[in-house]
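Please open the model in your viewer and keep the sequence panel beside it. The tour below moves from one selection to the next and says what is found at each stop.

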Amino acid sequence: MTLDFAPLLPFYALVALALGAVLVAVGLFVQGARGRILRVAALAALLMALVNPVLYQEEREPLQSVVSVVVDRSQSQNSLERTEQTDDTLQQLTERLERQSRFDVRVVESRTDENEEVPSTRLFEALSSSIQDVPTSRFAGAILITDGQVHDIPENAAALGFDAPIHALVTGHPDEVDRRIQLIETPRFGIVGEEQTVRYRVIDDGQPSSEPASVSVRLNGEDIANAAVTVGNEERLSFEVPRGGKNILEFEVGVLDDEITPANNRAVMELEGIRENLRVLLVSGEPHSGERAWRNLLKSDASVDLVHFTILRPPEKQDGTPINELSLIAFPTRELFVEKINEFDLIVFDRYQRRGVLPVLYYDYIAQYVEAGGALLIAAGPEHAGSQSIATTPLAPVLPAMPTGEVNDVGFFPRLSEDGRKHPVTRDLPGSEQEPPSWGRWFRAVEVDAPEGNTVLDGPDGSPLLVLDRTGEGRVAMLLSDHGWLWARGFEGGGPHVDLYRRVAHWLMKEPSLEEEALTARARGRTLIVERQTMGDEPAPASVTTPAGEVIDLALSQAEEGLFRAELETEEVGLFEVANGDLTALAHIGAIDAPEFRATVSTEGLLQPIARETGGSVTRVSGNELPTILPVRGAVRDTGSGRMPLRVTDETVLIGVNRIPLFSGFLGLALLLLALGSTWYREGR
């Protein structure tokens with residue numbers, strides 16, 4: 001209660017009246033007048049009525065103390081058992097807290113941030129966000145429901161910014177075990193054909209196993225190693241980089257009995273294969289306008305070592321000039337096609353014909369080179385349709401098409417075939433989207449019988465113009481015209497000869513991005529993007545296996561002809577495996593060595609120091625009753641196991657004020673009448 005005044009007259013008037021009353025009172029006492037006490041009391045009652053004293057009575061209610069319940073919903077908590085434990089604990093805890101009228105319960109769930117580069121469990125960050133609007137004097141404490149693997153624990157209680165207990169209810173079991181594989185050193189780049197080394201280690205969290213761990217390694221989907229390794233020891237794996245572009249190396253360790261999660265039993269690394277000095281052999285059968293186009297293209301690529309020979313003096317050209325007077329280099333046929341043929345990545349025959357320069361047996365060597373994985377490009381001219389065509393040699397079995405003997409000398413626009421609109425070599429060739437195509441015409445094409453493989457460009461009247469085929473382990477391409485140089489010279493606006501020639505060469509050298517049948521997966525933030533390249537019809541849905549082991553069917557929709565795509569939004573981080581038919585692909589979402597997967601066994605040890613320092617507790621929920629909630633006023637001290645003390649605030653909130661005037665109304669009137677009546681009564685005697 002508080003006393004205040006609400007005077008009925010201005011202050012100066014009250015002062016004047018009070019001075020007058022004092023003088024009158026003094027006079028009455030000096031004269032010794034009868035009834036002086038009653039008269040002074042009447043004057044005082046009158047002055048009090050004018051001053052108007054008021055009594056204020058406040059109505060207050062105690063404020064609730066805020067309890068923050070932080071629920072760990074990170075990926076390490078995603079197992080069925082831990083999810084059930086978390087949900088049951090949260091339900092019991094909230095029911096108990098709601099029975100305590102002094103507590104305001106705030107439940108906040110902490111999930112892995114989708115934009116976080118390195119996924120981790122950040123419960124204290126979620127706690128801080130949940131109590132930003134709460135004065136520290138009203139904060140009762142925090143209760144964390146977690147597996148104990150928290151990655152943002154403050155160094156000490158002072159860093160928390162409040163003085164309240166931190167309690168932890170830990171899910172899982174004390175005897176859990178988890179096996180994981182850790183990549184210690186992984187190269188990012190490697191030269192194709194050279195050896196690279198990866199260092200890794202198998203780790204058992206919890207009770208380590210004394211038995212060796214079985215580790216299998218796959219490179220681009222193919223098994224390259226299987227080993228039994230000692231748990232905890234550093235191991236080395238050496239392998240040869242097989243191809244240019246992205247190479248995916250996958251490690252997998254066997255799953256233990258009763259292991260809590262297999263999500264971290266696999267690790268993946270990406271290595272960019274770099275081709276060093278691709279060796280290309282270009283053999284031109286005779287000087288012609290088109291050979292410079294091939295030479296310029298191959299010489300413009302700094303990564304290509306080009307060996308180019310042009311047959312200027314075939315054996316049948318005999319004019320009596322002595323050999324020692326010729327300024328020509330003899331064609332080193334044996335060195336190129338016998339001794340060093342396997343050193344070349346690509347052999348190009350440009351308008352070459354059988355003229356006795358190469359022994360017939362050497363064509364068989366070239367065929368064997370292709371069957372064993374080599375690449376051969378035939379850029380055919382009119383001689384390919386003649387009797388001296390290389391199609392009449394032992395090279396014929398690896399060629400995708402045989403000439404009919406006819407040459408079509410007519411102007412035509414090269415056009416994409418049905419396969420060409422799907423094939424990555426020609427699918428988005430600049431200018432092909434129009435009809436007629438927005439490039440110049442060619443004027444000669446060699447006719448062939450029905451070719452094998454894929455015809456990606458059509459010539460006059462829909463005849464084959466560019467044929468791509470696989471033979472054994474190798475690849476063969478046939479360009480059935482020697483007029484590609486017209487595009488290079490800008491005839492009728494030219495055409496995309498550089499794109500066409502380069503893509504054909506790269507396809508022959510097995511560039512992964514130009515494969516006809518391919519499945520790729522990549523991550524963009526928390527989105528998994530799956531692409532399926534196919535020459536067939538619409539593919540079946542892709543099967544996506546998440547890090548948690550869930551299998552999701554993902555429908556693929558057409559993005560372009562021959563290219564199908566799908567996207568999957570996910571909150572999980574880790575290794576995703578995608579399968580479609582016989583093809584598989586891997587993609588890792590989030591950081592490869594994220595804290596969320598370094599350790600997944602539940603633990604009480606990480607949170608014990610901060611809980612002890614704040615007067616809190618750490619308790620396992622598996623098989624135990626929840627600790628008793630104990631409201632405490634003032635400082636919180638360790639109350640022993642089985643209790644969770646929470647601080648109760650002394651603060652209140654004002655809900656109303658009662659105003660009681662003391663000398664107004666009936667009370668003031670009664671006092672004034674009483675004083676005046678007493679005076680009158682005394683005078684009357």
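**A hairpin and its sheet**

Strands β27 and β28 (residues 551-554) pair in the antiparallel sense over four bridges; strands here, like helices, are DSSP runs numbered from the N terminus (E, at least two residues, for strands; H or I, at least four residues, for helices), and two strands pair if DSSP finds at least two bridges between them. This is a predicted model, in which local features need pLDDT of at least 70 and side-chain atom pairs count only at pLDDT 80 or more, while totals for chains, interfaces and linings use all residues. Residues are numbered from 1 along each chain as its sequence is written, and side-chain values use heavy atoms, with hydrogens and water left out.

Select Thr545 and look across to β28, where Val551 is its bridge partner. The two strands make up a hairpin with five residues between them, and Gly549 in the turn has a positive phi of about 95 degrees.

Now colour β27 (residues 542-545) by face: Ala542 and Val544 lie on the covered face, whereas Ser543 and Thr545 lie on the uncovered one. From β27, move to strand β31 (residues 574-580), which is joined to β27 by three bridges and runs antiparallel to it. In this pairing, Ser543 stands opposite Ala579 of β31.

Which strands make up the sheet around this hairpin, and in what order? Four strands form an open sheet, ordered β28-β27-β31-β32, with antiparallel pairing. Its edges are β28 and β32 (583-589), and each has a single partner strand, so one side of each is left without a neighbour in the sheet. From one strand to the next the twist averages 25 degrees, taken from axes that are lines fitted to C-alpha atoms (for helices over the stretch in contact), with angles running from 0 to 180 degrees between N-to-C directions.

**A second open sheet**

Next select β25, β26, β30 and β29, which form an open sheet of four strands in the order β25-β26-β30-β29, paired antiparallel. The edge strands are β25 (518-524) and β29 (557-560), each of which pairs on one side only. Neighbouring strands of this sheet are turned against each other by 30 degrees on average, direction ignored.

Zoom in on β29 and strand β30 (residues 563-569), which run antiparallel and are joined by three bridges. Glu560 can be found opposite Leu563 in β30.

**Salt bridges**

Stay with this sheet and show the side chains of Glu567 and Arg524, which form a salt bridge with the closest N and O atoms 3.4 Å apart; the term stands for a side-chain nitrogen of Lys or Arg within 4 Å of a carboxyl oxygen of Asp or Glu. The pair links distant parts of the chain, with Glu567 in strand β30 and Arg524 in strand β25, 43 residues apart. Glu567 counts as partly exposed at 42% relative accessibility, and Arg524 is also partly exposed, at 47%; buried means under 20% relative accessible area, exposed over 50%, and partly exposed in between (1.4 Å probe, protein chains only). A further selection is Arg218, Asp223, Glu250, Glu252, Arg266 and Glu577, which salt bridges with shared partners join into one network.

Go on to Arg180 and Asp205, whose salt bridge has its closest N and O atoms 2.7 Å apart. Arg180 lies in strand β7 (residues 178-185) and Asp205 in strand β9 (residues 195-205), so that the pair links distant parts of the chain, 25 residues apart. Both Arg180 and Asp205 are buried.

The side chains of Arg73 and Asp87 also meet in a salt bridge (2.8 Å, N to O). Arg73 is in the loop between β3 (65-72) and α3 (80-99), and Asp87 is in helix α3, 14 residues apart. Arg73 is buried, at 18% relative accessible area, whereas Asp87 is partly exposed, at 34%.

**The whole chain**

Finally, zoom out to the protein, which has twelve helices and 36 strands. Buried residues account for 48% of its 685 residues, and the structure holds 38 salt bridges. The accessible surface comes to about 33500 Å², 49% of which belongs to carbon and sulfur atoms.

Methods
Accessible areas come from the Shrake-Rupley method with a 1.4 Å probe; for residues, only the protein chains shown count as cover.
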